[in-house]
Amino acid sequence: MLNRLQQPWVASIAIFVGFICIWAWLTTTPSGPISAADAEYARLAGQSASGQQASAIPSPWAVALRGYELIAHALDNDNPNNLGIAWHLVYSMARVALGFTLALAVAVPLGFILGLWPACYQALDPFIQVLRPVSPLAWMPLALYTFRDSTISTIFIIFICAVWPMLISTATGTASVRAEWLNVSRVFGVPKLEHVTRVVFPASVPMILSGMRISIGIAWFVIVAAEMVGAQSGIGYFIWNEWNNLQIASMIVAIVLVGAIGLALDVILKRIGERLSFRE
Amino acid sequence: MADLDINDVSMSFVDRSGKQLIALDRISLAIEHSEFVCLIGHSGCGKSTLLNIVAGLLMPTSGTIRCASAVVTGPGPERAMVFQSHALLPWMTCVENVHLAVKQAFRGAPRSELMDRAEQALKLVHLEHAIGKYPFEISGGMKQRVGIARAFAVQPKVLLLDEPFGALDALTRSSLQDELVRIVETTKTTVVMVTHDIDEAIFLSDRIVALSNGPAARIGRIWKVETPRPRDRLKLTTDFEGIKYRKEILEFLYKKEPFPQFAS
Ligand SMILES: Nc1ncnc2c1ncn2[C@@H]1O[C@H](COP(=O)(O)OP(=O)(O)O)[C@@H](O)[C@H]1O
Ligand SMILES: [Mg+2]
């Protein structure tokens, strides 16, 4: 019994319960410092603080209730102003999927070229180094101006932030294939094309997949911000919209969903990585 | 005509600080058809470098290698190699690993024939049960068997082995040595093998070539091992002849060419 209590998941549940208790205690204490701050937020958001109850940080029960309502109406699609949360998530995931796929289609072949020809890598390296640290949102106005379409712009933002980790890890993986495997190809006379497809590519799969995992994480991270700026749908738009309506409970529900989906994407890519990578 | 002619081969490397390091200094050695030659010498003296030059993986700074009277300019199908770290591709099954090599050596042959050759090669080293297995599913000794099967499968004139059994335990090593002797005797392959195991060298070799200490290693001494085959591993360790070779090689390695830090 004591052993079972020492399991890490027992501690996780205890931390969760403790967190909910503190949250409940803080949000049900009347006229705490938090309510005063909420009035401030309400003014900042350009809304009249219509009574402290509406704008206060909601209690865990209120959030749970709101979560239930949102999920009950998740698939609503009767008018553009009443889109269910599931549709917003679908929009976001579709944009991430498109931008990520485009990035993958560019990063892997280009990474291969950079990895196989060090001179190309050296020539492109300065551009990669300069572009990579640019915050994806810095591209937003330029993208909106160029594409004149918010959906294409968000997809472009996802592309531009997802492409670098995959490009660099593919190039590194391709360039650092073990010398013994390269020697196998040379000693037995494996021709160039077969060498690339059957030796270099499988050898770099683990690196490519770890780059994909980093990229999908960043893409999911960025989509929320991108949709806040330039979209009329998606989970980022939803959060921003709920903030404008001071629906704090909805925002919290959305944050939890964003986290859960991000985790799911990461686990899926990790599984794929384990399936496709070679074992030694 | 020698099968393999190493003619006045020197090799120098330029290290990172730009200093030149002479690894091999004018090495000449002619190896006859179906002769088994072991290279021994202290670690770092240049044995792998010499073997890689013969394989065509490295080009010598000066001198030439001839294999069956053709000058070596790179790797070729008449020279196959067994690597120390087995060097199997982990994403291919054992038979696919062998097939990859066979396919290049018998280019144009029908797929069924190539597959057949690959399977035959694995049977030759008693691995018929591991044909469809991945390298991670089999033991270290079995992986090295696959490495040997891959090398023999391309039917090379010259087989090169770089400390192939160095990472194996003593029992596995002896059984692989027996296997190697058996196959070499039936295929009449010429063999150059690097080893640091003196007993292994005596058991396998027709000639043992000892390199002097690097840098600028040269051939220090050559022993012709005349013990008739088939050789008895046990008798070699007790018979006068075996003991004599062992003593001479040890003397060479520890007295005449002591490892730098042992020299006093
Ligand atoms: N690519 C290289 N660049 C620089 N020095 C090298 C290179 N390869 C080998 N050497 C040097 O050449 C010498 C011989 O190495 P090696 O042939 O691997 O020795 P051995 O196999 O006898 O242990 C060593 O001093 C090693 O540091
Ligand atoms: Mg070596």
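Which element gives the most to the shell around ligand 1? Keep that question in mind as you read these notes on a predicted model.

1. **Chain B as a whole.** A good place to start is the chain that holds the shell residues. Chain B has eight helices and ten strands. Its radius of gyration is 19 Å, close to the 18 Å that the globule rule gives for 264 residues, so chain B is as compact as a globular protein of that length. Along the principal axes, the C-alpha atoms of chain B fill a box of roughly 60 × 45 × 40 Å.

2. **Who surrounds ligand 1.** Now look at the ligand in your viewer. The residues around ligand 1 include a run that is easy to follow along the chain: H42(B), S43(B), G44(B), C45(B), G46(B), K47(B), S48(B) and T49(B). Also in the shell are F13(B), L21(B) and A23(B). Sorted by class, the shell has four nonpolar, six polar and one charged residues.

3. **Back to the opening question.** In chain B, two elements each supply at least two residues of the shell around ligand 1: β2 (20–31) and α1 (47–55). The element that gives the most is α1(B), with three residues.

4. **Backbone contacts to the ligand.** Try picking out three backbone partners of ligand 1. For K47(B), a polar backbone atom is 2.8 Å from an oxygen atom of ligand 1. For G46(B), a backbone N or O atom lies 3.0 Å from an oxygen atom of the ligand. For C45(B), the distance from a polar backbone atom to an oxygen atom of ligand 1 is 3.3 Å. As for cover, ligand 1 exposes 560 Å² when taken alone, and the protein buries 59% of that.

5. **A pocket to explore in chain A.** How is empty space found in a model? Rolling a probe the size of a water molecule over the atoms shows where such space is left. The second largest pocket has a volume of about 320 Å³. It is lined by 17 residues, and the closest to its centre are N81(A), N82(A), L83(A), H88(A) and F238(A). In chain A, the elements that give two or more residues to this lining are α5 (60–72), α6 (85–116) and α12 (235–244).

6. **What the pocket lining is made of.** Which element provides the largest share of the lining of the second largest pocket? That is α12(A), with four residues. By class, the lining of this pocket divides into six nonpolar, seven polar and four charged residues.

Methods. Residues are numbered from 1 along each chain as its sequence is written. Chains are lettered from A and ligands numbered from 1 in the order in which they are written. This is a predicted model: local features need pLDDT of at least 70, side-chain atom pairs count only at pLDDT 80 or more; totals for chains, interfaces and linings use all residues. Side-chain values use heavy atoms; hydrogens and water are left out. On a 1 Å grid over the protein atoms alone, a cavity is a set of points where a 1.4 Å probe fits but cannot get out, and a pocket is an open set with protein on both sides within 12 Å along at least five of seven lines; lining residues have an atom within 4 Å of a point. Grid points are joined across faces, edges and corners, and a volume is the space filled by probe spheres set on the points. Ala, Val, Leu, Ile, Met, Phe, Trp, Tyr, Cys and Pro count as nonpolar, Asp, Glu, Lys and Arg as charged, and the others, Gly among them, as polar. A residue is near a molecule or strand if one of its heavy atoms lies within 4 Å of it. A polar contact is a pair of N or O atoms within 3.5 Å; within protein, one must be able to donate a hydrogen and the other to accept it, and residues adjacent in sequence count only if both atoms are side-chain atoms. Accessible areas come from the Shrake-Rupley method with a 1.4 Å probe; for residues, only the protein chains shown count as cover. The radius of gyration is taken over C-alpha atoms; the globule rule is 2.2 Å times the number of residues to the power 0.38.
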